Amino acid sequence: MRTFHVRTFGCQMNKHDSERIAGLLSAQGMRPAEDPRDADVIVFNTCCVREHADERLHGQVSALKSLKAGGRPGVLIAVGGCVGQRDGERLLGRLPHVDVVFGTHNVARLPALLASAAEARGPVVEVLDAPDPGGFTSDLPDAREHVWHAWVPITVGCDNFCSYCIVPHVRGRERSRPLPEIVAQVERLAADGVREITLLGQNVNSYGRDLYGDPAFARVLREVAATGVPRVRFTTSHPKDLSEETVEAMVETPQVCRHLHLPVQSGSDRILAAMNRRYTRRDYLALVERLYDAMPDLALSTDVIVGFPGETEPDFADTLRVVDTARYDQAFTFIYSPREGTPAARLEGRVPREVAQERFDRLVEAVGTSALAKNVPYVGTVQEVLVEGSSKRDASMLVGRTGTNKVVHAPIEGHGAEELAGTFLDVEVQEAQTWFLLGRVRARREPASGVARA
């Protein structure tokens with residue numbers, strides 16, 4: 001039986017698409033291989049949002065050149081996702097041993113493209129400029145990474161056009177899935193034993209504007225929760241589109257986890273305007289205050305870019321003040337890297353790398369201080385934890401997450417961690433670290449009435 005290996009870079013949408021790629025190849029009678037060097041088909045599902053992901057892709061694909069030259073010329077290498085969409089045939093100039101290049105809009109065509117490449121014994125490139133108007137990758141077969149969790153896209157593409165972001169250029173304009181399709185998918189997943197779903201979109205808050213005239217994300221939360229799935233998460237939220245109706249739905253719907261990812265990107269009004277974020281520091285912090293007033297137990301995460309063109313030390317100081325005021329539980333922090341084709345790539349005032357790195361280090365320290373302060377109050381409480389498996393560092397410890405997205409480690413007592421994966425445990429928190437909690441298992445239980453709070 002032929003084998004395949006899928007390697008994923010980037011966001012949760014790419015993880016979802018990789019599960020569909022695995023499902024498509026499995027439907028062709030292939031089986032997954034843990035090691036790419038044991039696979040007959042190697043697929044890279046790529047990201048071009050950050051320069052580092054580009055570099056990793058080129059390094060890993062280049063390393064496979066020797067595999068094809070060393071006695072396995074029949075191995076097929078495919079590169080898809082955002083890099084495939086952006087570069088198309090140009091990719092072959094840098095990586096001539098790649099057999100298939102495909103984009104974000106034609107995942108369903110991958111089996112046919114692989115067959116064409118095998119028959120032609122030469123590279124096949126197919127990158128569509130726009131998606132099939134009626135098709136979403138969620139309609140394809142899937143092979144989920146975890147039986148207890150599922151990604152559920154509700155929109156694809158983005159209409160925001162932040163000046164640094166390549167996503168609208170490689171994913172296209174925003175399109176929403178009809179709500180009945182979303183609910184029907186979650187119903188099937190819940191019946192299949194899925195305990196947690198994550199609703200996906202480049203901007204989930206604006207869901208439905210293209211279908212219904214106005215955003216309808218709050219309605220999505222309520223109707224998805226009504227399916228009976230115990231936990232509902234969502235990402236990513238744009239601050240300008242987070243409505244009062246959505247906040248009310250979070251407050252009133254027990255299955256919706258008390259965790260919100262709310263990218264700020266910068267705390268400087270001048271830089272926010274240059275980024276085309278369409279809110280000010282005051283707007284953002286007023287929203288954060290309303291969120292904490294409505295949900296005092298809310299866990300808040302964010303994205304921050306340092307070293308954006310023209311950023312000064314006072315601009316960065318404004319970002320640090322936002323971190324202090326917003327009290328983040330977690331932040332994904334990045335040094336700005338120009339992306340070809342975006343307006344920001346043409347801006348003057350590049351920040352020297354060593355200056356950006358020094359600011360980045362201070363930002364990470366500030367976020368760590370905030371994260372630890374948010375974790376300390378958990379000590380002595382009992383938290384409902386959804387078990388994900390065993391710790392990668394210590395097989396004697398299980399790892400799971402609270403509804404507030406806190407990573408929890410606890411000793412395994414009488415069960416294997418993999419046996420417990422997908423179950424809910426009550427864990428008494430005994431120690432708080434910056435990025436995780438330590439505790440001991442008190443009981444195994446199902447969430448009462450689907451409630452998935454802290």
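How many bridges join strand 10 to strand 11, and in which direction do the two strands run? In this predicted model, strand 10 (residues 196–200) is joined to strand 11 by 5 bridges, and the two strands run parallel. Within this pairing, glutamate 196 stands opposite arginine 231 of strand 11. In a regular strand the side chains alternate between the two faces of the sheet. In strand 11, both faces are covered, since Arg231, Arg233 and Thr235 on one side and Val232 and Phe234 on the other are all buried. With 5 of its 5 residues buried, strand 11 (residues 231–235) is therefore largely enclosed by the rest of the structure.

Two helices were also examined. Helix 10 (residues 217–225) packs with helix 11 (residues 244–252) at an angle of about 20°, their axes lying 8 Å apart, and the two helices are therefore roughly parallel to each other. Their crossing is left-handed. On the side of helix 10, the contact involves Phe217, Ala218, Leu221 and Arg222, which meet Glu245, Thr246, Glu248, Ala249, Met250 and Glu252 of helix 11. Sorted by class, this contact has 5 nonpolar, 1 polar and 4 charged residues.

A further element is an open sheet of 3 strands, arranged in the order 12-13-14 with parallel pairing. Strand 12 (259–261) and strand 14 (330–335) stand at its edges and have a single partner strand each, so one side of each is left without a neighbour in the sheet. From one strand to the next, the twist averages 10°. Strand 13 (residues 299–306) is joined to strand 14 by 6 bridges, the two running parallel, and aspartate 303 stands opposite phenylalanine 332 in strand 14.

Definitions and conventions
Residues numbered from 1 in each chain as written. Predicted model: local features only at pLDDT ≥ 70, side-chain atom pairs only at ≥ 80, totals over all residues. Heavy atoms only, no water. Axes fitted to C-alpha atoms, helices over the stretch in contact; angles between N-to-C directions. Helix = DSSP H or I, 4+ residues; strand = E, 2+ residues; numbered from the N terminus. Parallel < 35°, antiparallel > 145°, perpendicular 65-115°, else oblique. Left-handed = near helix turned anticlockwise from the far one by under 90°. Contact = heavy atoms within 4.5 Å. Nonpolar A, V, L, I, M, F, W, Y, C, P; charged D, E, K, R; others polar. Buried < 20%, exposed > 50% of the residue type's maximum accessible area, 1.4 Å probe, protein only. Pairing = 2+ DSSP bridges.
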